[in-house]
Amino acid sequence: MIDKELITKERKAELEAELKRLEGTERKEVIEALEFSKSLGDLSENAEYHHAREAQGKLEDRVNEIKRILKTAEVVSHRKGDKIEVGSSVTVQKKGDKEKKEFTIVGEGEADMFVGKLSYQSPLGTALFGKKNVVGPRCRTCRHGLQADAGLRESLRQLRARKDL
């Protein structure tokens, strides 16, 4: 298993933009809300003040989380090769099913099964990550214990249900 969190260049750019927005305009808005709520008087029963403090706490938590991710994560870009890694596109077909699903292997924060982004830390992503990109019966998920994984079955069921909408 991988010790460091892996993110794509795109995810890094998204996080940097979010950090800039949070530290800029959103932080100023929260400070203004705090100043306004303080001007209303008694802070012990001032709902606006408590709401502004809560918003400030959430904002600062998110800022710290983004800074931690940017500091510790390894930015990876997909290299052409035969190994499945972050950035690889994979096509998965359940045994006995004609329907194929295409996924891009991404970092944890980018995962979204409904748009085909599969985390390398998910059960399916873990089974595929680092494997040779092979086609055919040799690449069977049941060898990795995924066929019995209820979480994977539920994720695929939700994906099918959303497609039918």
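This is a short talk on the fold, the sheet, one pocket and a few single residues of the structure shown above.

Let me begin with the status of the coordinates: what we have here is a predicted model, and everything I say this morning should be heard with that in mind.

As for the overall architecture, the protein has 4 helices and 5 strands, and if you follow the chain from its start, these elements come in the pattern β-α-α-β-β-β-β-α-α. Of the 165 residues in the protein, 29% are buried. The protein exposes about 11,300 Å², and carbon and sulfur atoms supply 50% of that area. Turning to contacts, if we take those in the protein with a separation of 6 or more, then 53% of them are between residues 24 or more positions apart.

I would like to spend most of my time on the sheet. It is an open sheet formed by 3 strands, in the order 3-4-5, and its pairing is mixed. Because strand 3 and strand 5 stand at the edges and each has a single partner strand, one side of each is left without a neighbour in the sheet. From one strand to the next, the twist averages 45 degrees.

What makes the pairing mixed becomes clear when we take the two pairs of strands in turn. In general, the strands of a sheet pair through backbone hydrogen bonds, and they do so either parallel or antiparallel. Here, strand 3, which covers residues 89-93, pairs with strand 4, residues 100-106, in the antiparallel sense over 5 bridges. Strand 4 is also joined to strand 5, residues 117-119, by 3 bridges, and those two strands run parallel.

We can put residue names to some of these bridges. Between strand 3 and strand 4, T91 has E102 as its bridge partner, V92 has K101, and Q93 stands opposite K100. On the other side of strand 4, the bridge partner of T104 is K117 in strand 5.

The connection between strand 3 and strand 4 also deserves a word, since these two strands form a hairpin with 6 residues between them, and G96 in the turn has a positive phi of about 85 degrees.

Which residues of strand 3 belong to its covered face, and which to its uncovered one? The covered face holds V90 and V92, whereas S89, T91 and Q93 make up the uncovered face. To tie this back to the pairing, V92, from the covered face, is bridged to K101, and T91, from the uncovered face, is bridged to E102.

Let me move on to the second largest pocket, whose volume is about 160 Å³. There are 14 residues in its lining, and those lying nearest the centre of the pocket are T8, E10, G87, V106 and E110. Helix 1, residues 9-39, and strand 4 each supply at least two residues of that lining, and helix 1 gives the most, with 4 residues.

One of the residues nearest the centre, G87, is found in the loop between strand 2, residues 74-76, and strand 3. At 25% relative accessibility, G87 counts as partly exposed, because that class lies between under 20% for buried and over 50% for exposed. The sequence separation between G87 and K9 is 78 residues, yet their C-alpha atoms are 9.8 Å apart in space.

I will finish with two residues of helix 1, namely E35 and S37. Is S37 buried or exposed? At 1% relative accessibility, S37 counts as buried, while E35, at 49%, counts as partly exposed. For each of them we have a distance to A52: E35 and A52, which are 17 residues apart in sequence, are 9.2 Å apart from C-alpha to C-alpha, and S37 and A52, 15 residues apart along the chain, have C-alpha atoms separated by 7.7 Å. A52 is also among the residues that S37 touches once those up to four places away in sequence are set aside, the others being L43, N46, E48 and Y49.

That is where I will stop, and I am happy to take comments.

Technical notes:
Residues numbered from 1 in each chain as written. Predicted model: local features only at pLDDT ≥ 70, side-chain atom pairs only at ≥ 80, totals over all residues. Heavy atoms only, no water. Pairing = 2+ DSSP bridges. Axes fitted to C-alpha atoms, helices over the stretch in contact; angles between N-to-C directions. Buried < 20%, exposed > 50% of the residue type's maximum accessible area, 1.4 Å probe, protein only. Contact = heavy atoms within 4.5 Å. Areas by Shrake-Rupley, 256 points an atom, 1.4 Å probe, with all protein chains shown as cover. 1 Å grid on protein atoms, 1.4 Å probe; cavity = no way out; pocket = protein on both sides within 12 Å on 5 of 7 lines; lining within 4 Å. Points joined across faces, edges and corners; volume = space filled by probe spheres on them.
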